[in-house]
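Please examine the structure shown below together with its sequence. The explanation moves from the overall fold to selected details.

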Amino acid sequence: MDVSYGTSQMITVFQKKTILHPQEFPDEQFSKIFNDILQLLSFKLYKSFPCCLCNLRFDCDLPDEDEVQVCVTGVVVKLTPKVSTIQLDEIGR
């Protein structure tokens, strides 16, 4: 099926988390933060399906020894299916 590009909009997700015991398993804590962000993005984009999420940018900041801030920005392009005249004729039959 052919698709055409519809509207596009910028999307931003920001998370600020406290890291408990930074010396213990920091990779697991960071992994959970990024998984939470991806779940939030999926929830925000649910009504835009089908869509394409482009130009994702992850900006991380460590403002304190036990805090992390992650900001994700990107562009959502809504996709709409192209319907040819032949397909319209078939639907009408």
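The paragraphs that follow treat the architecture, then a polar contact of one helix, and then a patch on the surface.

The model is a predicted one. The protein contains two helices and three strands, and these elements succeed one another along the sequence in the pattern β-α-β-β-α. Among contacts with a separation of 6 or more, 71% join residues that are 24 or more positions apart. Of the 93 residues in the protein, 22% are buried. The protein exposes about 7200 Å², and carbon and sulfur atoms supply 55% of that area.

Helix H1 spans residues 26-45 and includes Gln29. A polar atom of the Gln29 side chain lies 2.8 Å from the backbone oxygen of Leu20. When neighbours within four places in sequence are left aside, the residues in contact with Gln29 are Ile19, Leu20, His21 and Glu24. Leu20 thus appears both as a contact of Gln29 and as the residue whose backbone oxygen faces the 2.8 Å distance just described.

Attention now turns to the surface. A nonpolar patch is formed there by Leu38, Leu53, Leu56 and Phe58, whose accessible area together is about 310 Å². Strand E2, residues 51-64, gives the most to this patch, with three residues. Leu56 is one of the patch residues, and its place is in strand E2. Because its relative accessible area is 38%, Leu56 counts as partly exposed, a class that lies between buried, under 20%, and exposed, over 50%.

Methods:
Residues numbered from 1 in each chain as written. Predicted model: local features only at pLDDT ≥ 70, side-chain atom pairs only at ≥ 80, totals over all residues. Heavy atoms only, no water. Patch = residues over 30% accessible without salt bridge, like charges linked within 9 Å, V, L, I, M, F, W, Y side chains within 5 Å. Areas by Shrake-Rupley, 256 points an atom, 1.4 Å probe, with all protein chains shown as cover. Salt bridge = Lys/Arg side-chain N within 4 Å of Asp/Glu carboxyl O. Helix = DSSP H or I, 4+ residues; strand = E, 2+ residues; numbered from the N terminus. Buried < 20%, exposed > 50% of the residue type's maximum accessible area, 1.4 Å probe, protein only. Contact = heavy atoms within 4.5 Å. Polar contact = N/O pair within 3.5 Å; in protein donor to acceptor, adjacent residues only side chain to side chain.
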